Amino acid sequence: TGPLHLGSLVAAVASYVDARRRGGRWLVRMEDVDGPRTVPGAADEILRTLERFGFAWDGEVMYQSTRGEAYEAALAMLKERGLVFACGCSRRELDAGPYPGTCRNGIAAGREARAWRLRVSDEEIRFVDRRQGEVRERLSETCGDFVLRRADGYWAYQLAVVVDDAAQGVTDVVRGVDLLDSTARQIWLQRGLGYPELRYLH
């Protein structure tokens, strides 16, 4: 959505050092799945900035904007497993709290499907973050059933990164602590798709 900012550069340094120290591969992915917010030329500028700071990534850069078929296949798999449902709610109808499950058992008469949501349970998700320690979260309490495909047709961040992590063979994610609250959702989605769970450092 713009130039590489300081927070992303710090995350790049931490992930690069971690990958190299442990004999791993360091991957670069352009998370340009949100078309309306994507700034033309920003991806190229980010890559040039990384090069100027001496970063060398392994393999080809993945662009999420080219991955629609893979996301569609993942959503189809979740549909077959009964793990997702169509939602007819608009953003303005929903409070800031967890999704209340309005469309879990079907969309009300006269409404149209706007988005696709992943069903969550009351199960407590636990993982050990390599920096933050043990983290516990019940998605039913913090966010509720969350969106995988938005009403405008664009893919949600959570689905895109989980599918791409699996496709790229990612084992470890090192990123800013601002994304810590996405991790339980991604773990739940990994389980639904039958993907291996990853190690995290925030």
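**Pockets and two buried residues**

The second largest pocket encloses about 680 Å³ of space. This description rests on a predicted model. The lining of the second largest pocket is formed by 26 residues, and those nearest its centre are R91, L94, R117, V147 and R150. Three elements, β4 (115–118), β7 (146–149) and α5, each supply at least two residues of this lining. Sorted by class, the lining of the second largest pocket contains 14 nonpolar, four polar and eight charged residues.

R150 also takes part in a side-chain interaction. The side chains of R150 and D34 are joined by a polar contact of 3.3 Å. D34 is situated in the loop between β1 (29–30) and α2 (42–52). The relative accessibility of D34 is 16%, and D34 therefore counts as buried, since the term applies under 20% relative accessible area.

The largest pocket holds about 1800 Å³ of space. Its lining comprises 49 residues, of which S8, R29, E31, R175 and L179 are the closest to the centre. Several elements contribute to this lining: α1, β1, α2, α5 (157–167) and β8 (172–174) each supply at least two residues. The largest share, seven residues, comes from α1. In terms of class, 23 residues in the lining of the largest pocket are nonpolar, 13 are polar and 13 are charged. The element α5 thus appears in the description of both pockets, as it supplies at least two residues to the lining of the largest pocket and at least two to that of the second largest pocket.

A further position of interest is G2, which is placed in the segment before α1 (6–21). With a relative accessible area of 14%, G2 is buried, because this value falls under the 20% limit for that class. Leaving aside neighbours within four places in sequence, G2 is in contact with V39, A42 and I46. Of these partners, A42 and I46 fall within the residue range of α2 (42–52). The relation between G2 and G41 sets sequence beside space: the two residues are 39 residues apart in sequence, and their C-alpha atoms are 8.5 Å apart.

In summary, the two residues examined individually, D34 and G2, are both buried. D34 is joined through its side chain to R150, a residue that lies among those nearest the centre of the second largest pocket, whereas G2 is in contact with V39, A42 and I46.

Notes: Residues are numbered from 1 along each chain as its sequence is written. This is a predicted model: local features need pLDDT of at least 70, side-chain atom pairs count only at pLDDT 80 or more; totals for chains, interfaces and linings use all residues. Side-chain values use heavy atoms; hydrogens and water are left out. Helices (H or I, at least four residues) and strands (E, at least two) are DSSP runs, numbered from the N terminus. Buried means under 20% relative accessible area, exposed over 50%, partly exposed in between (1.4 Å probe, protein chains only). A polar contact is a pair of N or O atoms within 3.5 Å; within protein, one must be able to donate a hydrogen and the other to accept it, and residues adjacent in sequence count only if both atoms are side-chain atoms. Contact means heavy atoms within 4.5 Å. On a 1 Å grid over the protein atoms alone, a cavity is a set of points where a 1.4 Å probe fits but cannot get out, and a pocket is an open set with protein on both sides within 12 Å along at least five of seven lines; lining residues have an atom within 4 Å of a point. Grid points are joined across faces, edges and corners, and a volume is the space filled by probe spheres set on the points. Ala, Val, Leu, Ile, Met, Phe, Trp, Tyr, Cys and Pro count as nonpolar, Asp, Glu, Lys and Arg as charged, and the others, Gly among them, as polar.
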